[in-house]
There are 2 protein chains.
Amino acid sequence: MTSSLSSTPRRSDVTRTAILDAARERFAADGYERATIRAIAKHANIDPSMVMRYYGNKEGLFAAAVSIDLKLPDPASLSRDDAGRTLVTHFVDMWEKNEVLTALLRVGATNQAGAERMQGIFADQLLPVARRVCPDPEQAPARAALASSQLLGLALTRYVLRFPPAVALAPEEIVAWLAPTVQRYLTAPYPA
Amino acid sequence: MTSSLSSTPRRSDVTRTAILDAARERFAADGYERATIRAIAKHANIDPSMVMRYYGNKEGLFAAAVSIDLKLPDPASLSRDDAGRTLVTHFVDMWEKNEVLTALLRVGATNQAGAERMQGIFADQLLPVARRVCPDPEQAPARAALASSQLLGLALTRYVLRFPPAVALAPEEIVAWLAPTVQRYLTAPYPA
DNA sequence: CTTGTTGGCCTACGGTTGTTGAAATGACCT
DNA sequence: AGGTCATTTCAACAACCGTAGGCCAACAAG
């Protein structure tokens, strides 16, 4: 996240990443409006004004805190036949360990900028996969949207709304049920 | 909504329903935190204090404004073979014309009470259907959760996040793609 | 040591929020 | 008519928000 490739590692880097960590946590738990700068600062044990100093304003902080790389496998190396299983496995893994995704989903539900960012992520990262494996490239956006409706729907019910039966599902169960769905959305012909 | 069964129709009923209408609109558009009482009151052309007088506080207003009957078909009259198609058709119809559902989803994403209410709706209304059509009653909660993950996922991408390809889908396309999924979640055996 | 730069805390401003209570208005009954 | 009560208006409160600027300590360079 904090790559040291650009010249000088600043003395304030520990503070900066502490802010980002707290921001991710608060955005994930509370959404955009209720995750106040003051609360984030308190969680990071620093003064609220530091947030302003380093990230300009609340939107800047959000942009810096929530940058996501889904780390999807290279489309080229993806077998057409188990794209569904691969994707679902990967997504569950990702959501399970990464609170940033929950933060982004929560914020996207009430915040225009958040929704657009989420849109961008799926356009940039899921769409190429769809373009690669689906029969007609022209259908790729629709098919990627269908696949993401299922993937995000699971995330919504399991990690945000926390429906008890959705929380109770084991990761393998999720994969077993969802993989055929996603596979079908990506590769099957338009259903009769 | 405003049933006149309990004795006296109050003189303030027009104001009360005007408040509820405006509240539904603002909650759907902005979510819980950003839908301010003042904005709702302005939309209803009344004074903010009326909201307090009639609904106690903001949570009370939300509870009064967002009560949902999914109007699902009677489980008894539901054919096992096209439960999926029936449900998806019904849901799309409902979401398409009813902004309350969008409001509830937006609020559920950032508000604990909203999430619980959404939970209750699906437990009370979708679960009986699952119990009726799914092979083993013990699996009903998990199967209902899977079905709602797909249904709510579509609602999320189409009505809240507004992914362009999801918005572009025609209702018939949605039904064609999603019906087999929901059908499978409800009735098919655990996938290999 | 002196100087400039960076990191950090403190205080405060202007605005908005949910909420309250008192005063004004109106409708209805005798 | 006068009185009673629900309805509405108005002004204000305390709390909180994002944000700005000034002040001091720690450090680096000369």
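How far apart do the C-alpha centres of domain 1 of chain A and domain 2 of chain A lie? In this predicted model, they lie 27 Å apart.

## Two domains in chain A

Let's start with the layout of the chain. The domain assignment splits chain A into domain 1, covering 13–65, and domain 2, covering 75–187. Their C-alpha centres are 27 Å from each other, and the two domains touch: 13 residues of domain 1 of chain A are in contact with 11 residues of domain 2 of chain A.

## Where the domains meet

Together, domain 1 and domain 2 of chain A bury about 900 Å², with 64% of that area on carbon and sulfur atoms. What does the rule find in the way of salt bridges across this interface? It finds 0 salt bridges between domain 1 and domain 2 of chain A, while 1 residue pair is in polar contact across the interface, both residues being at pLDDT 80 or more.

On the domain 1 side, the elements giving two or more residues to the contact with domain 2 are α1 (13–34) and α4 (58–65) of chain A. The largest share, 10 residues, comes from α1(A). If you sort the residues on this side by character, you get 7 nonpolar, 1 polar and 5 charged.

## Meeting the DNA

Now for DNA strand C, which has 19 residues around it. Which of them come nearest? They are A:Ser12, A:Thr15, A:Ser49, A:Tyr54 and B:Arg38, so named from both chain A and chain B. Among the atoms of DNA strand C within 4 Å of the protein, 56% belong to sugar or phosphate, and the rest belong to bases.

Two of those nearest residues reach phosphate oxygens of the strand through their side chains: a polar side-chain atom of A:Ser12 is 2.8 Å from one, and a polar side-chain atom of A:Tyr54 is 2.9 Å from one. Chain B joins in with its backbone, as a backbone N or O atom of B:Lys58 lies 2.9 Å from a phosphate oxygen of DNA strand C.

## The surface near the strand

Which elements give two or more residues to the surface near DNA strand C? They are α3 (48–55) of chain A, along with α2 (37–43) and α3 (48–55) of chain B. Of these, α3(A) supplies the largest share, with 4 residues.

The make-up of this surface is easy to list: 5 residues are nonpolar, 6 are polar and 8 are charged.

Methods
Residues are numbered from 1 along each chain as its sequence is written. Chains are lettered from A and ligands numbered from 1 in the order in which they are written. This is a predicted model: local features need pLDDT of at least 70, side-chain atom pairs count only at pLDDT 80 or more; totals for chains, interfaces and linings use all residues. Side-chain values use heavy atoms; hydrogens and water are left out. A polar contact is a pair of N or O atoms within 3.5 Å; within protein, one must be able to donate a hydrogen and the other to accept it, and residues adjacent in sequence count only if both atoms are side-chain atoms. Ala, Val, Leu, Ile, Met, Phe, Trp, Tyr, Cys and Pro count as nonpolar, Asp, Glu, Lys and Arg as charged, and the others, Gly among them, as polar. Domain bounds come from an automatic or database domain assignment. Contact means heavy atoms within 4.5 Å. Buried area is the accessible area (1.4 Å probe) that two parts lose on being put together, summed over both. A salt bridge is a side-chain nitrogen of Lys or Arg within 4 Å of a carboxyl oxygen of Asp or Glu.
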